[in-house]
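The following paragraphs lead through the model shown here, beginning with its overall division and then turning to the sheets and helices.

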Amino acid sequence: MTARRNKPNGIGMVPTIEWYGSHVRMIDQRKIPSRTDWYTCRGYRDVIKAIQKMVIRGAPAIGIAAGMGLALGAGSIRAKSFGSFMKKFERMGHEMLLARPTAVNLRWAVDRMAALARSMEGHSIEEIKAELRLESERMLNEDIEINKQIGENGEPLIPRGATILTHCNAGALATGGYGTALGVIRSAHRKGKKINVIADETRPWLQGLRLTAFELMREGIPVAVIADNAAGFLMRQKRIDLVITGADRIAANGDVANKIGTYQVAVLARTNKIPFYVAAPLSTIDPTIRNGDLIPVEERGAEEICIFRDRQVAPVGTQAINPAFDITPARYVSAIITEKGILRAPYKAAIKKILTAP
Ligand code: MRU
């Protein structure tokens, strides 16, 4: 089915994910820009599969999908007692946690759903199921509001007429709507700052070439795509004024896990004296992880590198190494833009303060 008009979420016509009757549906991001098809999930395992297969991707969007998936799963639980409901629900949560390892938003969402269910002891099972569904809807709506706030907080960092490099897709499609890095870009554009965006293609899934270009073009924000290996040259030619990316997990010391290729962009930005900003909700910060080296980095299959758009391009049997994320040490990060304000080095203290603020 082709997606039709829906609520405004930053990309005008296309929502990322929503409840559809008793099902959850999401735009199949593997098919953008050729098609905007719905992918329907009827059970929590369909959601796990959708996350693993990149139907839905981007840290905050994965978190929301996990929340909706668990509400979907809860709906199918047959249990007479609270204890047996919780046992089955928590088992689903464990399964959900294994879908993808790097984005901490997944764990954040699973923990939030489990905490809500646990707090409802004494209520009927049907009431708990209904409340879990509402909670997943709240996650979606809160995320859109958080992104708008990130956009508002980050916009003053963007000079009028700036050319901004971004990596991967940290836009409406990667979130409930509006986006984190693209949220800041959207806010600057809406303020009439006459910005231009350069999007790294972001091999191997081409999130920049396909998704970021798609989103920005729909909104009339000037965007040009580049091959990943062109960024350094353009920085040296002074054709990039700043870099802004999202994050999948931020360690307690400010080290940032994000899409593979982010680290080299950050190092190049430092070498060329260009600010490198990270935009992310507080739910992406993981205070339990001391530094970036402890963040689990997903390694995906060789076929993602060797096969391009269903065509084998590398010699058959070629080995490939395919880490999906990398770690950018905090010293390369000029600032972290959150919904509660802008964090600057020393990040350990700044993160502790913001996470414990009332
Ligand atoms: O593999 P993906 O597409 O899920 O990776 C996404 C990213 O790395 C994004 O930059 C990150 O999740 C931030 S999204 C607001």
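The C-alpha centres of domain 1 and domain 2 lie 24 Å apart; domain 1 spans 2-147 and domain 2 spans 150-356, with bounds that come from an automatic or database domain assignment. Residues are numbered from 1 along each chain as its sequence is written, and the model is a predicted one, in which local features need pLDDT of at least 70 and side-chain atom pairs count only at pLDDT 80 or more, while totals for chains, interfaces and linings use all residues. Side-chain values use heavy atoms, with hydrogens and water left out.

The contact between the domains (heavy atoms within 4.5 Å) takes 34 residues from domain 1 and 42 residues from domain 2. About 3,000 Å² is buried between domain 1 and domain 2, and carbon and sulfur atoms give 54% of this area; buried area here is the accessible area (1.4 Å probe) that two parts lose on being put together, summed over both.

One open sheet consists of three strands in the order 1-2-3 with antiparallel pairing, where strands are DSSP runs of E with at least two residues, helices are runs of H or I with at least four, both numbered from the N terminus, and two strands pair if DSSP finds at least two bridges between them. Its edge strands, each pairing on one side only, are strand 1 (17-20) and strand 3 (38-41). Four bridges join strand 2 (residues 23-27) to strand 3, and Val24 stands opposite Cys41 in strand 3. Helix 1 (residues 44-52) lies across strand 2 and strand 3, running at about 140 degrees to strand 3; axes are lines fitted to C-alpha atoms, for helices over the stretch in contact, and angles run from 0 to 180 degrees between N-to-C directions.

The axes of helix 3 (residues 82-97) and helix 5 (residues 125-154) come within 10 Å and cross at roughly 35 degrees. Their contact is made by Phe82, Phe85 and Phe89 of helix 3 together with Ile125, Ile128, Lys129 and Leu132 of helix 5.

Another open sheet has seven strands in the order 6-5-4-7-10-15-16, and its pairing is mixed. Strand 6 (223-226) and strand 16 (341-343) form its edges, each pairing on one side only. Strand 15 (residues 335-338) runs antiparallel to strand 16 and is joined to strand 16 by three bridges, and the bridge partner of Ile337 in strand 16 is Ile342. Helix 7 (residues 207-218) packs on this sheet, touching strand 4 (163-166), strand 5 (196-200) and strand 6, and its direction makes about 175 degrees with that of strand 6.
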